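Let's walk through this structure together, starting with a small detail and working outward to the whole. Keep the viewer open as you read.

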Amino acid sequence: NSPIAMAPLGGTRPFIGSNPIAIGIPGAQSPLMIFDGTTAATSRGKLLIARDTHQPLNAHVAVDTHGIPTTDAHAALSGAILPSGVLGYGLGLAIGLMTGGMLGGLADPTLPSFFATPYQPTPGSMLIIAINPAVFGGVAQLHAVGESWLTQIRQSHGTPRIPGDQRNIRYEIALPDALVAELTALATSKGIPRW
C-alpha cells in the first residue's frame with residue numbers, strides 16, 4: 001500500500017493510496033507478461049512533473065480541494081487524484097485493506113508521504129502471492145496456451161501490445177532543472193557524490 005493520494009469513487013478528498021499492482025507470468029524463453037500499474041487515473045509523480053514543467057494535466061484525472069475536476073497540477077496536488085474507474089477504486093481499496101489491515105501494516109491514511117520533506121522511508125506493506133503452475137495445469141500448459149494466445153493477439157488488427165513488451169527505448173531521460181537541483185541537494189545532504 002502507499003500513502004493517500006486517491007479519492008474514493010465519487011469522493012473529493014484523498015483517502016486511498018494509488019496502491020499499484022504488479023503481475024509477472026513466466027514463459028519458456030521470456031516472460032509471457034509483465035504488468036505494473038497504478039489503481040489511480042495518474043500518479044503523484046506525474047502531477048509533480050506537470051507542476052514543475054507548467055504542463056496541464058489530462059482531463060478527468062484529478063480534482064481540486066473543492067472536488068471540482070482540474071487540469072492544474074498545483075490544484076490537483078492540494079486536492080486528490082481520481083481512481084481509474086470502478087476497477088481501479090475497488091482494487092486500490094482492496095489492496096489497502098489487505099496490506100494495512102490483513103497484514104497488520106499501517107492503513108493508507110497513516111502512511112507518511114513519499115514526497116513530504118524531510119524525506120523519510122514510508123513503511124508501506126507489500127502482499128506477494130506466488131503461484132506454482134505445476135500444481136494446476138502445469139508449466140508446459142501455461143507456456144503452450146500463453147504463447148499461442150499472445151501470438152494471436154500480436155498478429156491481430158491494429159498495433160496491439162502485451163504488458164511488458166519493449167517500447168521504443170530511450171537511453172536518455174530529460175529531467176527538469178528544478179528536479180535536478182532537488183536531487184543534487186538531496187544527494188549532497190546525504191554525502192553522495194555527484195556523478
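Is His54 buried or exposed? His54 is exposed, with a relative accessible area of 68%; any value over 50% earns that label. Keep in mind that this is a predicted model. You will find His54 in the loop between helix H1 (44-53) and strand S5 (62-63), and its backbone is worth a look. Phi of His54 is positive, about 55 degrees, although the residue is not a glycine. Most residues other than glycine have a negative phi. The loop between H1 and S5 also holds His60. His60 has a positive phi near 70 degrees and is not a glycine either. With a relative accessible area of 65%, His60 counts as exposed.

Now step back to the overall layout. The protein has five helices and six strands, and along the sequence they follow the pattern β-β-β-β-α-β-α-β-α-α-α. The C-alpha trace spans about 50 × 40 × 40 Å along its principal axes. There are 195 residues in the protein, of which 26% count as buried. Among contacts with a separation of 6 or more, 49% join residues 24 or more positions apart. The exposed surface comes to about 13,200 Å², with carbon and sulfur atoms supplying 62% of it. As for charge, there are 10 positive and 10 negative side chains, and the centres of the two sets lie 1 Å apart.

With that frame in place, return to the helix that leads into His54. The buried residues of H1 are Leu47, Leu48 and Ala50. Seen down the axis of H1, these buried residues fall within an arc of 160 degrees, so they line one face of the helix. What do the buried residues of H1 pack against? Their partners are helix H2 (73-78) and strand S6 (80-81). Just after H1 comes His54, with the positive phi near 55 degrees that we met at the start.

Next along our route is helix H3 (85-102). Its 18 residues should span 26 Å at 1.5 Å a residue, and the end C-alpha atoms are 24 Å apart, which agrees. Which residues of H3 are buried? They are Gly88, Gly92, Ile95, Gly96, Thr99 and Gly100. Seen down the axis of H3, the buried residues fall within an arc of 100 degrees, so they line one face of the helix. The cover over these buried residues includes S1, S2 and strand S3 (21-25). On the other side of H3, Val86, Leu87, Leu97 and Met102 are exposed. H3 is followed by Gly104, which has a positive phi near 85 degrees.

Two loop residues add detail to this part of the model. Phe15 sits in the loop between strand S1 (4-6) and strand S2 (16-17). Leaving out residues up to four places away in sequence, Phe15 touches Ile4, Met6, Pro8, Asp108 and Pro109. Phe15 and Phe115 are 100 residues apart in sequence, yet 16 Å apart in space from C-alpha to C-alpha. The other residue, Ser125, lies in the loop between H3 and H4. Ser125 has a relative accessible area of 15% and is buried, since the cut-off for that label is under 20%. Beyond residues up to four places away in sequence, Ser125 touches Asn1, Thr99, Leu103, Gly105 and Leu106.

That loop brings us to helix H4 (residues 139-154), which has 16 residues and reaches 22 Å from its first C-alpha to its last, close to the 22 Å expected at 1.5 Å a residue. Which residues of H4 are buried? His143, Gly146 and Leu150 are buried. They cover an arc of only 80 degrees around the axis, which puts them on the same side of H4. The face turned away from that buried side carries the exposed residues Ala140, Trp149 and Gln152.

Our last stop is Gly158, in the loop between H4 and helix H5 (177-189). Gly158 counts as exposed, at 64% relative accessibility. Gly158 and Leu183 are 25 residues apart along the chain, and their C-alpha atoms are separated by 41 Å.

Conventions
Residues numbered from 1 in each chain as written. Heavy atoms only, no water. Helix = DSSP H or I, 4+ residues; strand = E, 2+ residues; numbered from the N terminus. Buried < 20%, exposed > 50% of the residue type's maximum accessible area, 1.4 Å probe, protein only. Expected span 1.5 Å × (residues − 1). Arc of directions from axis to C-beta. Contact = heavy atoms within 4.5 Å. Areas by Shrake-Rupley, 256 points an atom, 1.4 Å probe, with all protein chains shown as cover. Lys, Arg positive; Asp, Glu negative; His and termini not counted. Charge placed at Lys NZ, Arg CZ, Asp CG, Glu CD.
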